[in-house]
Structures are given as structure tokens and as C-alpha cells.
Amino acid sequence: MVSLFLDKTLIKNNWHNDELELERELIRLLENKVILLYFGSGECPRCQEFAPILKQFFVRLTDEFYVERSSQLVLIYVSLDETEELQDKFLKKMPKRWFFLPFLDELKKELELKFSVKEPPVVVVLKPNGEVISANAVEEIKEMGTACFQNWQEAADLVNRNFLLAQDFEDVPWRSLTDPVRRLKYKIKKKKRKKRSNQEEDEDKEDGDKSS
């Protein structure tokens, strides 16, 4: 899937419109995730009806208010809007975690042809390697809601993220994990030694006063 976007730019739908264009950034975004390509337009009546449903669907799967951890899901908006102003107007109402292609990017037309998009709205569901899980999941999303994501997740053979986290944890050198504990113990011992030294100095002082 990453190969489709090599040498291209994906823009995040946040306040700064952060751009992802480096290969490693794109790999990190797309690997081990179900990818949704949403072909739509803010002015299309059917899209206007479907967009709030898709928005709620995405938010319920990715927002920590609803889920403990964001689902392994990426949505890329492939605009069929007539002008960039109309695209921007539509995206302002959509989640900040969506991504989109620059308005003048020729890849939009290529994707439209590749996935035989005839009439929006269309949601193409892809595996991380680019294989198609569903050519158009619009009705599935309407009827099943977030339940359909589990079917896609199984079809995509995603690696459980908890396993990946555990694997990353195992790769951390043990020294780095125990160093904070060692430092704490060292500080405690140092404080004890300092306290004991001060007590001994006080005792020596008292003995000296008595002898004089």
C-alpha cells in the first residue's frame, strides 16, 4: 500500500495541516493498519447523508473517549470536490485524524480509475499490502456500524498491537529499565551515609566538649 503513496504527500486534517511525505513517515502511518479510501464530495447529496455516519464510525473506533486505544485504522479522503475551497469547507467538519491528498495531486484521478469509482460516496477498504477487502463498504458501514471493523481486521491479518508493544518492550536493554531503580537506591544509600557521617561528627564533637 505504501508504494501507492511513494513520492506523494499525505496531509493530516489538523490545524497545521501536517504533511507526511518521507517514506518512513508513510510506512509508519500505513503499516499494520486497515486503510479506508473515502471518495466523496461535500456538495454531493448522497455524500452529505453518508459523511456524518462515516465521521461517527471513525471517531468511535479511534477516539480515546470511546475506546481504550485507537483502532488500527487509517482514513484517507480522496476529494471529488470541484474546488479546493469546497474540499476545505468539507474537511473542517471532519475528524482531525483523517488524511487527504493535495487538491491538485494527479494521484486522486489514478486512484479513482484504479478502484473503478463511478458514483460517490465510495469507501474502499484495503489491507496494509494494498489488497482490497471491500470495493465499497458504504452500505456495510451504514448497516453494521463499528462491528464491521472486526471483520476487516481479521481479513487484513493484522498483528495484534499488544504483541508488538510487548516485543518492543523486550528489545529494551535491561540496564535502561533498572537504571532508575539503581539511581534511587544509590540516592537513598548516599543519604543514609551522609546522615550517619553527620551523627558521628556530632558524637565526636560532644566527646571533645566533655573531655575539655
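# Close-up views of a predicted protein model

**View 1. Strand β6 has side chains on two faces, and both are covered.** In this predicted model, the side chains of Val122, Val124 and Leu126 leave β6 in one direction while those of Val123 and Val125 leave in the other, and every one of these residues is buried. The strand is therefore mostly covered, with 5 of its 5 residues counted as buried, which means that each has under 20% relative accessible area. The arrangement can be compared with a general pattern: in a regular strand the side chains alternate between the two faces of the sheet.

**View 2. Strand β6 pairs with β3 and with β7.** Strands β3 and β6 run antiparallel and are joined by 5 bridges, and within this pairing Leu37 has Val124 of β6 as its bridge partner. Strand β7, residues 132-134, also runs antiparallel to β6, and 2 bridges join the two; here Leu126 stands opposite Val132 of β7. The hairpin formed by β6 and β7 has 5 residues between its strands, and in this hairpin Gly130 takes a positive phi near 95 degrees.

**View 3. Nonpolar residues gather in separate cores.** The largest nonpolar core has 30 residues, and those with the most contacts inside it are Tyr38, Trp98 and Trp152. Two or more residues of this core come from each of β3, α3, β4, α4, β6 (122-126), α6 (138-144) and α7 (147-155), with α3 giving the largest share, 7 residues. A second, separate core has 22 residues, among them Leu10, Leu30, Val122 and Val124. As background, in soluble globular proteins, nonpolar side chains tend to be buried together.

**View 4. Helix α4 has its buried residues on one side.** Which residues of α4 are buried? They are Gln87, Phe90 and Leu91, and because they cover an arc of only 95 degrees around the axis, they lie on the same side of the helix. The buried residues of α4 pack against a set of other elements, namely β3 (34-40), α3, β4, β5 and α5.

**View 5. Helix α5 has a buried side and an exposed side.** The buried residues of α5 are Leu107, Lys108, Leu111 and Glu112; their arc around the axis is only 140 degrees, so they are placed on the same side of the helix. Leu113 and Lys114, on the other side of α5, are exposed. The packing partners of the buried residues of α5 are α1, β3, β4 and α4. After the helix comes Ser116, which has a positive phi near 50 degrees.

**View 6. A salt bridge joins two residues of helix α5.** The side chains of Glu112 and Lys109 meet in a salt bridge, with a distance of 3.6 Å from N to O. Both residues lie in α5, 3 residues apart, which is about one turn of the helix. An α-helix has 3.6 residues a turn, so residues three or four places apart point the same way. Although Glu112 is listed among the buried residues of α5, Lys109 counts as partly exposed, at 45% relative accessibility.

**View 7. Asp105 and Lys8 link distant parts of the chain.** Asp105 and Lys8 form a salt bridge in which the closest N and O atoms are 3.5 Å apart. Asp105 is in the loop between β5 (99-100) and α5 (107-114), whereas Lys8 is in the loop between α1 (2-5) and β1 (10-12), and the two are 97 residues apart. Is Asp105 buried or exposed? Its relative accessibility is 13%, so Asp105 counts as buried, while Lys8, at 23%, counts as partly exposed.

**View 8. Two loops are tied together by Arg97 and Glu64.** The salt bridge between Arg97 and Glu64 has its closest N and O atoms 3.0 Å apart. Because Arg97 lies in the loop between α4 (84-91) and β5 and Glu64 in the loop between α3 (45-62) and β4 (73-79), the pair ties together parts that are 33 residues apart in sequence. Both are partly exposed, Arg97 with a relative accessible area of 35% and Glu64 with 44%. Asp63 also belongs to the loop between α3 and β4, and Asp63 counts as partly exposed at 32% relative accessibility. Asp63 and Pro95 are 32 residues apart in sequence, and their C-alpha atoms are 9.6 Å apart in space.

Conventions. Residues numbered from 1 in each chain as written. Predicted model: local features only at pLDDT ≥ 70, side-chain atom pairs only at ≥ 80, totals over all residues. Heavy atoms only, no water. Salt bridge = Lys/Arg side-chain N within 4 Å of Asp/Glu carboxyl O. Helix = DSSP H or I, 4+ residues; strand = E, 2+ residues; numbered from the N terminus. Buried < 20%, exposed > 50% of the residue type's maximum accessible area, 1.4 Å probe, protein only. Arc of directions from axis to C-beta. Contact = heavy atoms within 4.5 Å. Core = buried A, V, L, I, M, F, W, Y, C linked by side-chain atoms within 4.5 Å. Pairing = 2+ DSSP bridges.
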